[in-house]
Amino acid sequence: MSRSRAEKAGEDRLVVRRLLLSEGVAALGDGLWFSMWAVYLTSVQGVPAATMGLAMGLGGGLGLLAALPVGTLTDRLGARETLLAVTVLRAAFSLAFLAAHGFWTLLIAAALFTSMGTAAKGTKVALVHLMLPERDCLPVLARARVVQHVLYAAGAGAAAWVLSHESSAPYHAAVIVNSLTFGVSAAILARLPRVPPVPAAQRRLSTEALRNFPFTAIMSSTALLALCWALLSSGLPLWLKEGTAAPVWIAPLSVLVSSLLIALFQVRVTRGGRRLAGAVRSSWRAGAALAGCCLAFAAAAWPTSPVVAGGVVLVGLGLHVLGELYYVAARWGLSIKLMAHGAQGQYQAVAATTEGAVVAVGPALVTTLVIGSGAAGWGVLALVFLTCSLPVAPLCRPALRRAAARPVRKSSAA
């Protein structure tokens, strides 16, 4: 018995190493692409900036629609097979940007690429949950996020080298390299053990996750915490430039420091979300920390000294890191503990879609509030963060009851 347990533990460690390696390779490509795509599309492909923004925004929104059907396929075909197919399609669809020279071609490329990226997030969580013991699920997801941050930074460094060139060849080569990273990631995934699909007799309705209204409400409300990423990428740089005396260079430095702190503490913070009660508390802590972050950023407008204003911003950045750490832990814990057996792919697809929608509209929303209303806009964001986790605890019990129920499945939905 002890030998079989040791063998199983060894197999699990091998699975985890392959999962982390696959995640890291894909993150390297993501860091490369997302650090250079705006310059590539405008300067190399010749797409006007306004056209690019509209096409990428609309395409990203359309791409979110694919996550739910892919989640159903995850349950019916198997999580490994679905994630493998999605990753291969990401490799193929990333090459579509080579042909994106106008609005419609860019819209199609963005929709295809985003659709597989969003679908991959939900399918990956379902695969980890199905492939490993439940006690290891959240720690492995946290370790994957650490690997993702480190390799994403490496990809961003490679993008800096690409951006230093004026010729188009390095840019086109970077797009191809991005595609290759997904191909390598898929090859690693193919070496994972197969996860059997849900047997036909145990399958849920294809709309099971959407019909679990308490779960959908929890995922939708807590997804608003994902606005934290738009705070750093869009809100803070503009606010430093337009609304405070603090030096603007704090913004790029904050991204680097944030990534470092997340790599150091994500695994530790995620342990608190293993139980449902802990995940609920993590959502409250995330909301409170991010609300405090917004108030600190707003307060940075009053000091006239760059040093004092910068110090206030740094306090806000510390709260931001706490909020992001607890948000990610809460999101994993809630989505995994509240999903129904036999419909893991569907439930994780709902989680990925709600978060993806907030990420898509986040930059525009945060920019509008911060630039349009100043400190009052930061106050509105603080109120959103503070209140969006309040419905979580009351909705958990009905969400669990709905997930445990066995809906009557019509033959046409089988």
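A salt bridge, as the term is used here, is a side-chain nitrogen of Lys or Arg within 4 Å of a carboxyl oxygen of Asp or Glu. With that in hand, let's walk through this predicted model, which holds seven salt bridges. The idea behind them is a familiar one: side chains of opposite charge can pair when their charged atoms come close.

A good place to begin is the pair formed by Asp-30 and Arg-90, whose side chains meet in a salt bridge with an N to O distance of 3.5 Å. Asp-30 sits in helix α1 (residues 2-34) and Arg-90 in helix α5 (residues 79-94), so this pair links distant parts of the chain, 60 residues apart. Both partners are out of sight from the surface: Asp-30 is buried, and so is Arg-90.

Next, turn to Arg-145 and Glu-324. They form another salt bridge, and here the closest N and O atoms are 2.5 Å apart. Because Arg-145 belongs to helix α7 (residues 134-163) while Glu-324 belongs to helix α14, the pair ties together parts that are 179 residues apart in sequence. Arg-145 counts as buried because its relative accessibility is 8%, and Glu-324 is buried as well, with a relative accessible area of 4%.

A third example involves residues that are neighbours in numbering. The side chains of Arg-80 and Glu-81 meet in a salt bridge at 2.9 Å, N to O. Arg-80 has 16% relative accessibility and therefore counts as buried, whereas Glu-81, at 23%, counts as partly exposed. These two residues do not stand alone, since Arg-80, Glu-81 and Arg-194 are linked in a network of salt bridges.

While you have helix α14 (residues 306-337) in view, look for Arg-331, which lies in that helix. Arg-331 is buried, with a relative accessible area of 5%. What does the side chain of Arg-331 reach? One of its contacts is the backbone oxygen of Ala-351, at 2.8 Å. The backbone oxygen of Met-219 also lies 2.7 Å from a polar atom of the Arg-331 side chain.

Now for the aromatic residues. A search of the whole structure turns up eleven aromatic pairs. In one of them, the ring centres of Tyr-40 and Tyr-171 are 6.5 Å apart and the ring planes are at 20 degrees, so the pair is stacked. Tyr-40 is in helix α2 (residues 37-44) and Tyr-171 is in helix α8 (residues 169-189), so their contact ties together parts that are 131 residues apart in sequence. Tyr-40 is buried, at 0% relative accessible area, and Tyr-171 is buried too, at 5%.

Phe-103 and Trp-104 make an aromatic pair with another geometry: this one is edge-to-face, with 5.0 Å from centre to centre and 80 degrees between the planes. Phe-103 is partly exposed, with a relative accessible area of 22%, and Trp-104 is exposed, with 60%. To return to the two tyrosines, Tyr-40 and Tyr-171 are members of one aromatic cluster, which also includes Trp-33, Phe-34, Phe-97, Phe-113 and Phe-182.

What about the cysteines? A disulfide is a covalent bond between the sulfur atoms of two cysteines. How many disulfides does a search of the whole structure find? It finds zero. Cys-228 is in no disulfide, and the nearest cysteine sulfur, which belongs to Cys-293, is 8.9 Å away. The cut-off for a disulfide is a pair of sulfur atoms within 2.5 Å. For Cys-396, the closest cysteine sulfur is in Cys-388 at 14 Å, too far for a bond. Cys-228 counts as buried because its relative accessibility is 0%, and Cys-396 counts as buried at 6%.

Let's finish on the outside. Trp-249, Leu-253, Leu-256 and Val-257 form a nonpolar patch on the surface, and together they have about 420 Å² of accessible area. Val-257 is found in helix α12 (residues 250-270). With 38% relative accessibility, Val-257 counts as partly exposed. A charged residue to look for is Glu-242, in helix α11 (residues 227-242). Is Glu-242 buried or exposed? Glu-242 is exposed, with a relative accessible area of 56%. The C-alpha atoms of Glu-242 and Arg-211 are separated by 45 Å, with the two residues 31 apart along the chain.

Terms used:
Residues numbered from 1 in each chain as written. Predicted model: local features only at pLDDT ≥ 70, side-chain atom pairs only at ≥ 80, totals over all residues. Heavy atoms only, no water. Patch = residues over 30% accessible without salt bridge, like charges linked within 9 Å, V, L, I, M, F, W, Y side chains within 5 Å. Areas by Shrake-Rupley, 256 points an atom, 1.4 Å probe, with all protein chains shown as cover. Helix = DSSP H or I, 4+ residues; strand = E, 2+ residues; numbered from the N terminus. Buried < 20%, exposed > 50% of the residue type's maximum accessible area, 1.4 Å probe, protein only. Phe/Tyr/Trp six-rings, centres within 6.5 Å; stacked < 30°, edge-to-face > 60°. Polar contact = N/O pair within 3.5 Å; in protein donor to acceptor, adjacent residues only side chain to side chain.
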